[in-house]
Amino acid sequence: MAPVLSAVGLTKRYGDVTAVSGLSFELEAGSVTGFLGPNGAGKTTTLRMLLGLAEPTDGSALLFGRRFAELERPATRVGAVLDSADLHPGRTGRDHLRVLARVARVPRSRVDEMLALVDLAGAADRRVKGYSLGMRQRLGLAAALLAGPELLVLDEPANGLDPEGMRWLRDFLRAFAAEGRTVFVSSHLLAEVAQTVERVVIVDHGRLVADAPLRELVADSSSLEDVFLELTAEPSR
Amino acid sequence: MSGQLRSELLKLRTTRTTALLLLAAVAITLLGIGVEGLSATLAELAKEERQRLLLGAGSSGAGLFATFAGLVAVTSEFRYGTIRPTLLFEPRRRVVLAAKLIAAVPLGGVFALVCMALSLGAGLAIVSARGVGLALSDGDLLALAFGAVASTVLGAMLGVAVGALIRNQVGAVLAVVAYSFLVDAVLFAAVPSVGRFLPGKAGDALAGRHVAHLLTPGQGAAVLGAWTIAFVAAAVVRTDRSDI
């Protein structure tokens, strides 16, 4: 069986700037993997290439053994939130989900289920412009989960969540993976990641610097933060 | 494809943008009716050319604002980032573009029918109330209505294509405004033999206006159709190639 996600020599250049360079890693089903790196390390660019939004300059990005654009009913395989602001402010939360439900061909009742799941049932008929950042995060997540994907890809999902929202997200991701499904989550909140993920993929300057189970990486009782800062330190420092 | 089309139609109905643009089209239509019908002298109003402008007044507002509606259907996705969820649910970009182009047909149709109902109704009432005879046949009226629908639908599709090309909402709106009120008008006034082949003037011809130097409605349809195909082809190339 093909891995849930695989990047092979993934490279993205913008003119003279190399954002992602020869990145290779795989995800196995049923895991929660953290995707870490300093700002500008190429995390979001990598996710955009994996999800077909940006064309790799070189290498390949495969989900379930195929390019994202070649997946049948992709929303049933992969759910993703790249930016919690990706909502029309003048549309209600419910309508945002209904618009996507029509593409994914899921029943209307599924929209109500997702709204209840992310605790937005009461605000569903209000326009998104009145939502807090946390509500937008949860609406984005509801959209990603709409068609029951096997893989969930989240870019910085903890931004704007209060402590209660963080705990809810952590518990949700663990339960999601416990069902044999897979989570790939980028973050720079290392303490949060250390509590949630089983494995980490760390990139710096567009290159892979670590790909290991969290337990192995911090085995000598150092913290994830220590390991991260060491791996991503500038050579001159 | 049908799921994407139903999604695009729902998008148009679930923000206030479409309704506000339709309202603006109605306002422009009412202004046109006032200018062409109420301020004209009886002698002017008796002329066929004037009656065409009055009864067909709905086509200008409908055409311009349906173009904006088609434009915003694409640019708002880039402005608010909804293009990302859209493409995560349907990564085949040509399918999304095609659905938006097809959705532009009923979109333009509604704009044209609302505005034309207004200008035909009010125009006939004004002509009759002011006691000048109707200089247009039933066939002429039908041609005006059909021409308005056809030119408005093509306008909405052009809007979708321009939006896919320019992507930046403010830039795209400014480009259409500058084009409509400067390039189109100035070039037609200065060099009508060239200006009449521009999309705006081809649309006027298709909508059934009889202004000097304009193409015939049939020629207008062919020319505006060719412009639409050209812009859609460019939009497909840009959509295929560009990162989001």
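1. In this predicted model, chain A holds an open sheet of 6 strands, arranged in the order E5-E6-E7-E3-E8-E9 with mixed pairing. Its edges are formed by strand E5 (78-81) and strand E9 (207-213) of chain A, each of which pairs on one side only. From one strand to the next, the twist averages 15 degrees.

2. Within this sheet, strand E3 (residues 32-36) and strand E7 (residues 182-186) of chain A run parallel and are joined by 4 bridges. A reader who wishes to check the register may begin at Val32(A), whose bridge partner in E7(A) is Val183(A). Helix H5 (residues 163-178) of chain A packs on the sheet, where it touches E3, E6 and E7 of chain A, and the direction of helix H5 makes about 145 degrees with that of E7(A).

3. At the edge strand E5(A), the pairing with E6(A) is in the parallel sense and extends over 4 bridges, and the bridge partner of Val78(A) in E6(A) is Leu151(A). Are the residues on the two faces of E5(A) buried or exposed? Val78(A) and Ala80(A) point one way, Gly79(A) and Val81(A) point the other way, and all are buried.

4. A second sheet of chain A is also open, with 3 strands in the order E2-E1-E4 and antiparallel pairing. Strand E2 (17-27) and strand E4 (58-63) of chain A stand at its edges, and because each has a single partner strand, one side of each is left without a neighbour in the sheet. The twist in this sheet averages 20 degrees from one strand to the next.

5. The pairing of strand E1 (residues 5-14) of chain A with E2(A) is antiparallel and runs over 7 bridges, and Ser6(A) has Glu26(A) as its bridge partner in E2(A). Helix H1 (residues 43-50) of chain A packs on this sheet, touching E1, E2 and E4 of chain A, with a direction that makes about 115 degrees with that of E1(A).

6. On the nonpolar interior, the largest core has 143 residues, of which Ala142(A), Leu146(A), Phe65(B) and Phe111(B) touch the most other members. When residues up to four places away in sequence are not counted, Leu146(A) touches Ala75(A), Leu97(A), Leu100(A), Ala101(A), Ala104(A), Val106(A), Arg110(A) and Met114(A).

7. How many residues does each chain bring to the contact? Chain A gives 28 residues and chain B gives 24 residues. On the side of chain A that touches chain B, the largest share, 7 residues, comes from helix H2 (residues 93-104) of chain A. By residue class, that side of chain A divides into 17 nonpolar, 3 polar and 8 charged residues.

8. Taken as a whole, chain A has a secondary structure of 8 helices and 9 strands. Its radius of gyration is 18 Å, close to the 18 Å that the globule rule gives for 237 residues, and chain A is therefore as compact as a globular protein of that length. The C-alpha trace of chain A spans about 55 × 40 × 35 Å along its principal axes.

9. Two further figures describe the packing of chain A. Buried residues account for 47% of its 237 residues. Among the contacts in chain A between residues at least 6 apart in sequence, 69% join residues that are at least 24 apart.

Key. Residues numbered from 1 in each chain as written. Chains lettered and ligands numbered in written order. Predicted model: local features only at pLDDT ≥ 70, side-chain atom pairs only at ≥ 80, totals over all residues. Contact = placed C-beta atoms within 7 Å. Nonpolar A, V, L, I, M, F, W, Y, C, P; charged D, E, K, R; others polar. Pairing = 2+ DSSP bridges. Axes fitted to C-alpha atoms, helices over the stretch in contact; angles between N-to-C directions. Core = buried A, V, L, I, M, F, W, Y, C linked by C-beta atoms within 7 Å. Buried ≥ 20, exposed ≤ 12 C-beta atoms within 10 Å, placed from the backbone. Rg over C-alpha atoms; globule rule 2.2 N^0.38 Å.
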